[in-house]
Amino acid sequence: MTLPYVVNSSFISGGIKSFIDMLDSVPTLKMYKPYFEAMQPDWAIKCRATYTEYFSNRQTQTCYGICHGDLLANNLMFRHAPLTCVLEDVLLVDYQLTYMGPLVNDLIYSYFMLYTPQQRATNHEELFEYYFRHFVQTL
């Protein structure tokens, strides 16, 4: 799989509809639906632009870094303590789609690819709080 494949995939072109459907299913998020419906017509073009933004249209207020590009569970390796099974380390593998881009891209991609619609609808606050807490600890 290559970056051109990803930017032309159904995830990019059709992902906004799934996101809008999710907003509709979460009562506290329904108020945001009109904003995303307004973005829908040119969503794929703008989304594809984020993959090349660092080189072709760098923004001064954006945090850029190395994005994995395919942050799925099957690209993570976990090490647990033999006796306690406590998580000791996580290793990212499979860097074929790595690119320089806005750091939020991996978070958004993994959020929709790792969790089911049901998990996102019922646990979205907990998931982002958990991510943010560990992100800050890592800094």
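Modeller: Helices are DSSP runs of H or I with at least four residues, strands are runs of E with at least two, and both are numbered from the N terminus. The model is predicted, so local features need pLDDT of at least 70 and side-chain atom pairs count only at pLDDT 80 or more, while totals for chains, interfaces and linings use all residues. Residues are numbered from 1 along each chain as its sequence is written, and side-chain values use heavy atoms, with hydrogens and water left out.

Colleague: How many helices and strands does the secondary structure of the chain come to?

Modeller: The chain has 6 helices and 4 strands. Read from the N terminus, the order is α-α-α-α-β-β-β-β-α-α. Along the principal axes, the C-alpha atoms fill a box of roughly 55 × 40 × 30 Å.

Colleague: What share of the residues in the chain is buried?

Modeller: The classes rest on relative accessible area: buried is under 20%, exposed is over 50%, and partly exposed is in between (1.4 Å probe, protein chains only). By that scale, 31% of the 139 residues are buried. One residue in the middle class is glycine 14, at 33% relative accessibility. Glycine 14 belongs to helix H2. From glycine 14 to valine 90 the C-alpha distance is 31 Å, across 76 residues of sequence.

Colleague: Where does H4 bend?

Modeller: A bend is the angle between two axes, one fitted to the seven residues ending at a residue and the other to the seven starting there. In H4 the bend is about 50° and falls at threonine 50. Thr50 is also among the buried residues of this helix, which include Ala44, Cys47, Tyr51, Glu53 and Tyr54.

Colleague: How far apart are the end C-alpha atoms of helix H4?

Modeller: The expected span is 1.5 Å times one less than the number of residues. For the 14 residues of H4 (residues 43–56) that gives 20 Å, and the end C-alpha atoms lie 18 Å apart, which agrees.

Colleague: By what angle does H6 bend, and at which residue?

Modeller: H6 bends by about 85° at asparagine 123. Arg120, His124 and Leu127 are buried in this helix.

Colleague: How many salt bridges does a search of the whole structure find?

Modeller: Side chains of opposite charge can pair when their charged atoms come close. The criterion is a side-chain nitrogen of Lys or Arg within 4 Å of a carboxyl oxygen of Asp or Glu. The search finds 6. One of them joins lysine 17 to aspartate 21, at 3.0 Å from N to O. These two are 4 residues apart in H2 (residues 10–25), about one helical turn. Both are partly exposed, lysine 17 at 48% and aspartate 21 at 41%.

Colleague: Why does a spacing of three or four places matter in a helix?

Modeller: An α-helix has 3.6 residues a turn, so residues three or four places apart point the same way. Helix H6 holds another pair with this spacing: arginine 133 and glutamate 129 are 4 residues apart. Their closest N and O atoms are 3.7 Å apart, in a salt bridge. Glutamate 129 is exposed at 52%, whereas arginine 133 is partly exposed at 38%.

Colleague: Which residues are linked in a network of salt bridges?

Modeller: The network links Asp24, Lys33 and Glu37. Within it, the closest N and O atoms of lysine 33 and aspartate 24 are 3.2 Å apart. Aspartate 24 is partly exposed, at 35%.

Colleague: How many residues line the largest pocket?

Modeller: On a 1 Å grid over the protein atoms alone, a pocket is an open set of points where a 1.4 Å probe fits, with protein on both sides within 12 Å along at least five of seven lines; lining residues have an atom within 4 Å of a point. Here 31 residues line the largest pocket, with Leu71, Leu107, Ser110, Tyr131 and Phe135 nearest its centre. Two or more lining residues come from each of S1 (64–67), S2 (76–80), S3 (87–92), H5 (104–114) and H6 (117–138). H6 gives the largest share, 8 residues.

Colleague: In which loop is the place of aspartate 94?

Modeller: Aspartate 94 sits in the loop between S3 and strand S4 (99–102). Its phi is positive, about 65°, although the residue is not a glycine. Aspartate 94 is partly exposed, at 28%. Cysteine 85, in the loop between S2 and S3, also has a positive phi, near 65°. Cysteine 85 is exposed, at 55%.
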